[in-house]
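Got the viewer open? Let's walk through this one together, one selection at a time.

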Amino acid sequence: MGAMVTEDAEMAELLNAFLASVFTAQASPQVSQTVEVTDKVWMMEDFSLVEAVQVKEQLSKLDIWKSMDHGGMHPRVLRDLTEVIAGPLSIIFERSWRTGEVPKDWRKANVTSVFKKGKKEDSGNYRPFRLTSIPGKVMEQLLLGVISKHMEEKKAIRSSQHRLTNGKSCLTNLIAFYNDMTGWIDEGRSVDVVYLDFSKAVDTISYSIFIGRLRKHGLDEWTVGWIENWLKDRAQKVMISGTESSWRSITSGVPQWGQHWV
């Protein structure tokens with residue numbers, strides 16, 4: 001039996017230790033060997049420029065009701081100052097993209113947890129939400145646009161993909177599944193259905209697998225290099241009632257905008 005903890009600081013440390021326990025260090029040799037790297041030579045003219053109008057568009061989409069990031073920046077501030085900061089931010093983003101330099105604050109996260117179900121004293125019954133730098137999130141959305149366009153042109157995303165795909169959802173996935181199943185049954189065919197749920201699947205995905213897939217699909221070297229550096233030295237701390245834990249390294253896991261290609 002584990003000891004019961006009641007202090008916020010102890011609970012924060014315990015929860016952060018549990019969340020960090022699911023991370024993996026690197027891909028297995030068998031997986032990494034299957035990745036093929038493209039041999040295309042990329043030129044500077046292949047680089048996508050970051051324009052102020054793109055930054056304005058992303059800032060205008062910020063949800064003013066969301067929480068502040070770990071640095072105390074509120075999304076409403078950035079949204080209200082869009083006309084003033086879009087230009088400077090576009091310069092910062094493009095320089096970061098070209099050089100591969102990623103600010104440390106963009107790689108840190110404050111974690112808040114929401115109880116799901118079961119026993120409240122079980123750390124595994126809480127869903128973590130990571131609050132990261134808002135400017136960093138804007139940069140990620142710009143990258144997502146470039147990656148999505150590239151993947152669409154390469155037809156890398158199959159039609160069976162519904163999650164995180166424009167115009168599709170859990171509902172469209174259910175309708176497609178139901179249509180296939182009933183069609184086969186109407187034809188008199190036998191149908192077996194197997195449901196799989198991978199525990200902590202997103203948090204355990206190896207960085208090397210993710211980067212390898214991006215390279216395999218021919219993504220430009222500036223974008224891949226930026227993502228590689230963004231994944232280095234990531235860290236998180238857990239916040240409970242204003243009390244925070246110590247920092248722990250994030251050694252695996254794929255951001256939501258990258259889950260299509262793993």
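Start by colouring everything by pLDDT. This is a predicted model, with a mean pLDDT of 83 for the protein, and 87% of the residues reach 70 or more. Now select residues 27-37, where pLDDT stays under 50. The model has nine contacts beyond four places in sequence for this stretch. Don't squint at the details there, because predicted coordinates should not be read closely where pLDDT is low.

**Stop one: a helix to check with a ruler**

Select residues 134-153, which make up helix α6. How far apart are the end C-alpha atoms of α6? They are 29 Å apart. At 1.5 Å a residue, the 20 residues should span 28 Å, so the two values agree. Just past the helix, click on K155: α6 is followed by this residue, and its phi is positive, near 55°.

**Stop two: the core**

Keep α6 on screen and add V55, L59, F93, W97, L214, W226 and I227. These have the most contacts inside the largest nonpolar core, which has 37 residues. Which elements give two or more residues to this core? They are α3 (52-60), α5, α6, α9 and α10. The largest share, eight residues, comes from α6. Apart from this core lies another one, of six residues, with A12, L15, L19 and I240 among them. In soluble globular proteins, nonpolar side chains tend to be buried together.

Next, zoom in on helix α9, residues 207-216. Its buried residues include Y207, I209, F210, I211, G212 and L214. After α9 comes G218, with a positive phi near 80°.

**Stop three: the rings**

A search of the whole structure turns up four aromatic pairs. Show W106 and W226 for one of them: the ring centres are 6.3 Å apart and the planes meet at 50°, so this pair counts as tilted. It links distant parts of the chain, 120 residues apart: W106 is in the loop between α5 (82-99) and β1 (108-115), and W226 is in helix α10 (residues 221-231). Are these two buried or exposed? Both W106 and W226 are buried. Now add F93 and W230, and you have one aromatic cluster made of F93, W106, W226 and W230.

**Last stop: charges over rings**

Stay with W230 and bring up R234: the charged end of R234 sits over the W230 ring, 4.6 Å from its centre. Then select K108 and W247. Here K108 lies over the face of W247, at 5.1 Å from the ring centre.

Methods: Residues are numbered from 1 along each chain as its sequence is written. Side-chain values use heavy atoms; hydrogens and water are left out. Helices (H or I, at least four residues) and strands (E, at least two) are DSSP runs, numbered from the N terminus. The expected span of a helix is 1.5 Å times one less than its number of residues. Rings of Phe, Tyr and Trp (its six-membered ring) pair if their centres lie within 6.5 Å; planes under 30 degrees apart count as stacked, over 60 as edge-to-face and the rest as tilted. Buried means under 20% relative accessible area, exposed over 50%, partly exposed in between (1.4 Å probe, protein chains only). A charge sits over a ring if NZ of Lys or CZ of Arg is within 6 Å of the ring centre and within 35 degrees of the ring normal. A nonpolar core is a set of buried Ala, Val, Leu, Ile, Met, Phe, Trp, Tyr and Cys residues joined through side-chain atoms within 4.5 Å. pLDDT is the predictor's confidence in each residue, from 0 to 100. Contact means heavy atoms within 4.5 Å.
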